[in-house]
Amino acid sequence: MAGKLTFTMIKPRAVKDNHIGEILKMINEAGFVIKAMKFTKLSVDQASAFYVVHQGKPFYEKLVEFMSSGPIVAALLEKENAVEDFRQLIGATNPENAAEGTVRKLYATSMTENAVHGSDSDENAMIEADFFFSKTERF
Ligand code: ADP
Ligand code: MG
């Protein structure tokens, strides 16, 4: 059964470009409820750990450098079928392939700087939420 929670980050470039408000509006209008949220910045070590599944891939170092380059918004979101519906809302990893009206189509500037993160499974949503939020930070 599909879970009700997913985890997202608004990535540094979208924060720098002042798109936090527009992206959160899209998230709310798509029916997601914010259960936890944080404006923070990843260290190189934290970004390396968060993306450790991609270690060894050609884009890994650039991704870690980018994700630790400025503040991000991290959030835990609730909705029926959260993981799949959120990935529909954000669109394809490569913004050139992202559907019209998706977050990445609207706000990504490149494959690396693709505006937002979205969990790829219920299990990873939990792991990623635990990376950022304690129990007392979830409502
Ligand atoms: P997604 O974020 O859509 O789940 P992945 O988990 O495959 O995509 O990759 C994690 C992140 O790494 C992507 O969101 C993107 O920022 C970056 N990335 C993935 N593939 C590439 C690539 N081929 N070139 C540059 N950056 C990439
Ligand atoms: Mg992924």
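1. The residues that form the shell around ligand 1 divide into three nonpolar, four polar and three charged. This is a predicted model, and every value below should be read with that in mind.

2. Which residues surround ligand 1? They are Lys11, His54, Phe59, Leu63, Arg87, Thr93, Arg104, Met111, Thr112 and Asn114, and a student who wishes to follow this note may find it helpful to locate each of these on the structure before reading on. As for the place that the ligand takes up, ligand 1 sits in the largest pocket.

3. Three residues of this group deserve a separate look for their polar atoms. In threonine 93, an N or O atom of the side chain is 2.5 Å from an oxygen atom of ligand 1, while in asparagine 114 a polar side-chain atom lies 2.9 Å from an oxygen atom of the ligand. Methionine 111 takes part through its backbone, where an N or O atom lies 3.3 Å from an oxygen atom of ligand 1. On its own, ligand 1 has 530 Å² of accessible area, and the protein covers 78% of that area.

4. How many salt bridges does a search of the whole structure find? The search finds nine, and some of them are described in the points that follow. As general background, side chains of opposite charge can pair when their charged atoms come close.

5. One of the salt bridges joins the side chains of arginine 13 and aspartate 17, with a distance of 3.0 Å from N to O. Aspartate 17 has a relative accessible area of 30% and is partly exposed, and arginine 13, at 31% relative accessibility, counts as partly exposed. The pair also belongs to a wider arrangement, since Arg13, Asp17 and Glu113 are linked in a network of salt bridges.

6. Another salt bridge is formed by lysine 79 and aspartate 85, whose closest N and O atoms are 2.5 Å apart. Is aspartate 85 buried or partly exposed? At 23% relative accessibility it counts as partly exposed, and because buried means under 20% relative accessible area, lysine 79, with 21%, also counts as partly exposed.

7. A further salt bridge links glutamate 100 with lysine 105, and here the closest N and O atoms are 3.6 Å apart. The two partners fall into separate classes of accessibility, for glutamate 100 counts as exposed at 67% relative accessibility, whereas lysine 105 is partly exposed, with a relative accessible area of 35%.

Conventions. Residues numbered from 1 in each chain as written. Chains lettered and ligands numbered in written order. Predicted model: local features only at pLDDT ≥ 70, side-chain atom pairs only at ≥ 80, totals over all residues. Heavy atoms only, no water. Near = heavy atom within 4 Å. Polar contact = N/O pair within 3.5 Å; in protein donor to acceptor, adjacent residues only side chain to side chain. Areas by Shrake-Rupley, 256 points an atom, 1.4 Å probe, with all protein chains shown as cover. 1 Å grid on protein atoms, 1.4 Å probe; cavity = no way out; pocket = protein on both sides within 12 Å on 5 of 7 lines; lining within 4 Å. Sits in = over half its atoms within 2 Å of the grid points. Nonpolar A, V, L, I, M, F, W, Y, C, P; charged D, E, K, R; others polar. Salt bridge = Lys/Arg side-chain N within 4 Å of Asp/Glu carboxyl O. Buried < 20%, exposed > 50% of the residue type's maximum accessible area, 1.4 Å probe, protein only.
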